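Subject: Handover of a structure and notes on what was found

Dear colleague,

Please find below the structure that I am handing over to you. The notes after it set out what was found, and I would be grateful if you would read them alongside the model.

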Amino acid sequence: MAPFSVWAVSIVLITELLVVTGILAAIAFDHVTCLTGELKVVVLCIFFGGLGGVTYCMRGVYLNACARNRWDISWLPWYFLRPIVSLILGGISYLFVTSGLLLFGATQDQTGSQLGIFAFSYIAGLNVDRFLAKVEDVGSTMWGVEPSRQSKPNTNATTPLQQKD
């Protein structure tokens, strides 16, 4: 039987998934009337980023608890903090796309453009490490900002999905 921590993390992540998808649905079906225009798009980006983060963490649970049988409670803070970081990066991704710092193919269709931003926000939340590396790359190119120590390659670092054998 799986340790209690696996079940606790799973319950928290399923709850987060239900909350995030519920909020996305409420906003998409215009049940949240205080959000209009760009504010609505920003909030949707935030929650799409959160959806990506929850998805990644749920995958980490089943890989490490079931497929690899290498559950480690030292990663518990990661499972709880990663979705929050993903929410933040979902919002930040909106800033990078709309400011033109990250460009997609040009389109005249506003709906298609918003869907691309939402997809990008999901990917930013799903793959936090690579998104942050890209942000630092843009900062380095545009303003000469050096990458942080966290972004520099470290062959010993792992995540719950990349634990070393």
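To begin with one residue: does D30 count as buried, partly exposed or exposed? D30 counts as partly exposed, because its relative accessibility is 48%, which lies between the limits of 20% and 50%. Please bear in mind throughout that this is a predicted model.

Overall composition

The secondary structure of the protein chain consists of five helices and zero strands. Along the sequence, the pattern therefore reads α-α-α-α-α, with helices numbered from the N terminus. Of the 165 residues in the protein chain, 35% are buried. The accessible surface of the chain is about 10000 Å², and carbon and sulfur atoms account for 65% of that surface. When contacts between residues at least 6 apart in sequence are considered, 75% of them join residues at least 24 apart.

Helix α1 and the loop after it

Helix α1 covers residues 4-28. The 25 residues of α1 should span 36 Å at 1.5 Å a residue, and the end C-alpha atoms are indeed 36 Å apart, so the two values agree. The buried residues in α1 include S5, V6, V9 and S10, and also L13, V20, L24 and I27. Among the elements that cover these buried residues are α2 and α3.

A26 is also located in helix α1. A26 is partly exposed, because its relative accessibility is 23%. Leaving out residues up to four places away in sequence, A26 touches H31 and V32.

D30, with which these notes opened, follows α1 and lies in the loop between α1 and α2. The phi of D30 is positive, near 60°, in a residue other than glycine. As background, most residues other than glycine have a negative phi.

Helix α2 and the loop after it

Helix α2 is made up of residues 37-67. What span should its 31 residues have at 1.5 Å a residue? The expected value is 45 Å, and the end C-alpha atoms of α2 are 44 Å apart, so the model agrees with the expectation.

Within helix α2 is G50, which is buried because its relative accessibility is 1%. Setting aside neighbours within four places in sequence, G50 is in contact with V20, P83, S86 and L87. One of these partners, V20, is among the buried residues of α1, while S86 belongs to α3. G50 and S86 are 36 residues apart in sequence, yet their C-alpha atoms are 4.9 Å apart in space.

N69 follows α2 and is placed in the loop between α2 and α3. N69 has a positive phi, near 55°, and is a residue other than glycine. N69 is exposed, because its relative accessible area is 64%.

The packing of α3 and α5

Two packed helices are described by the angle between their axes and the distance between the axes. For helix α3 (residues 76-98) and helix α5 (residues 128-143), the axes come within 11 Å and cross at roughly 35°. The crossing of α3 and α5 is left-handed.

Which residues of α3 and α5 meet? From α3, the residues are R82, V85, S86, L89, I92, S93 and F96; from α5, they are V128, F131, L132, V135 and V138. By class, this contact has nine nonpolar, two polar and one charged residues. An α-helix has 3.6 residues a turn, so residues three or four places apart point the same way. That spacing can be followed in α3 from R82 to V85, and from S86 to L89.

F131 is found in helix α5, and F131 counts as buried because its relative accessibility is 5%. Apart from neighbours within four places in sequence, F131 is in contact with L89, I92, S93, F120 and A124. Of these partners, L89, I92 and S93 are in α3. The C-alpha atoms of F131 and L89 are separated by 8.2 Å, while the two residues are 42 residues apart along the chain.

I hope that these notes serve as a useful introduction.

Yours sincerely,

How values were computed. Residues are numbered from 1 along each chain as its sequence is written. This is a predicted model: local features need pLDDT of at least 70, side-chain atom pairs count only at pLDDT 80 or more; totals for chains, interfaces and linings use all residues. Side-chain values use heavy atoms; hydrogens and water are left out. Axes are lines fitted to C-alpha atoms, for helices over the stretch in contact, and angles run from 0 to 180 degrees between N-to-C directions. Helices (H or I, at least four residues) and strands (E, at least two) are DSSP runs, numbered from the N terminus. A crossing is left-handed if the near helix is turned anticlockwise from the far one by less than a right angle, and right-handed if clockwise. Contact means heavy atoms within 4.5 Å. Ala, Val, Leu, Ile, Met, Phe, Trp, Tyr, Cys and Pro count as nonpolar, Asp, Glu, Lys and Arg as charged, and the others, Gly among them, as polar. The expected span of a helix is 1.5 Å times one less than its number of residues. Buried means under 20% relative accessible area, exposed over 50%, partly exposed in between (1.4 Å probe, protein chains only). Accessible areas come from the Shrake-Rupley method with a 1.4 Å probe; for residues, only the protein chains shown count as cover.
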